[in-house]
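Work through the exercises below with the coordinates open. Each task is followed by a stepwise solution.

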Amino acid sequence: MSHEVRGVVSLAKGEPVTMQTIIVPDPGPGEALVAVKACGVCHTDLHYREGGINDDFPFLLGHEAAGTVETVGDGVGDIAPGDLVVLNWRAVCGNCRACRRGRPWYCFNSHNAAQKMTLADGSVLSPALGIGAFAEKTLVHAGQCTKVDPMVRPEVAGLLGCGVMAGLGAALNTGNVSRGDTVAVIGCGGVGSAAVVGAKLAGAARIVAVDIDDRKLATAAALGATDTVNSRTADAVEAIRALTGGFGADVVIDAVGRPETYEQAFYARDLAGTVVLVGVPTPAMRIDLPLLDVFGRGGALKSSWYGDCLPTRDFPMLIDLHLQGRLPLEAFVSETIALDEVEAAFAAMAGGDVLRSVVVL
């Protein structure tokens, strides 16, 4: 049996997305059919549309999602029909070298559904990050479903599926921010603002938000930044040093992912401090740093993949913190939109007008 549903598809590089009829098969062994309740509009979806990920068009976009399990295939025991789940794009395998070493957040063999969703004419779809959630229903591997408290609103829960988790995890997991630390966050869009929230949650004493947009800096301040720096009018490195006793921050998070912001992060950290790269660079980007400075400053230069999260560990814990009033996930939902408004949401995102537009079904 299969299901005909509506979905948002990118048919060709650079062209506007369109609504299409999607054919979704019933789940096979290890798979789950999920009725999507909400899905955030992420920069990664735009990268897919622009051909920045690969050329496997057509793409079924959407990946930052929460929904309700409808049916499961054979061998699925961790989730059941009716469960509210957050979808994740790193379903750990348990058997690769990272998993065997006790580092499943680095899993090198993440699972996706074996069966393919298609267009009505039979064209095989490439689901964004193995999910494809800009659709009324989607087929995923059961390991991509993390059960969470059903009291949470789906449009809030789904944010943990990508951007907000990336920022929170960059501070909490990769940066290991701890009580009393000084932290700087360069780039205060959705991911950077989430890093600010993560640093505050970890007990950072000072959180310096850096951006070129005063609107984003105001949002970062509302979410917990103690200081803001507009790097259009001030030298970011000197400003961060001035705000941290002349030393630099213990942890600097680059949520932009450009050579110039990475260099700022490198020189804005204290001796033996940590740089965390969570912004995603393009393949052509390069950095040029004096090797003596890399050696002499010590510390750690890290990249953060998906906030180094373990969904089964992190998603339920973070949802619980939200329901306790300790994690303001709702602040990231700038607007809720319909499924056919994704293209307009891309424009709003590019203009810096929103932290997240969230499709609600």
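The exercises cover a helix pair and a sheet.

This is a predicted model, in which local features need pLDDT of at least 70, side-chain atom pairs count only at pLDDT 80 or more, and totals for chains, interfaces and linings use all residues. Residues are numbered from 1 along each chain as its sequence is written, and side-chain values use heavy atoms, with hydrogens and water left out.

**Exercise 1.** Describe how helix H7 packs against helix H8.

Step 1. Helices (H or I, at least four residues) and strands (E, at least two) are DSSP runs, numbered from the N terminus. H7 spans residues 236-243 and H8 residues 259-268.

Step 2. The axes lie 9 Å apart at an angle of about 30 degrees. Axes are lines fitted to C-alpha atoms, for helices over the stretch in contact, and angles run from 0 to 180 degrees between N-to-C directions. H7 is therefore roughly parallel to H8 (angles under 35 degrees).

Step 3. Ala-236, Val-237, Ile-240 and Arg-241 of H7 meet Gln-264, Tyr-267 and Ala-268 of H8 (heavy atoms within 4.5 Å).

**Exercise 2.** Lay out the six-stranded open sheet.

Step 1. The strand order is E13-E12-E11-E14-E15-E16, with parallel pairing (two strands pair if DSSP finds at least two bridges between them).

Step 2. E13 (227-230) and E16 (300-303) are the edge strands, each pairing on one side only.

Step 3. Five bridges join E14 (residues 249-254) to E15 (residues 269-277); Ala-249 has Arg-269 in E15 as its bridge partner.

Step 4. H7 lies across E11, E12, E13 and E14, running at about 165 degrees to E12.

Methods:
Parallel < 35°, antiparallel > 145°, perpendicular 65-115°, else oblique.
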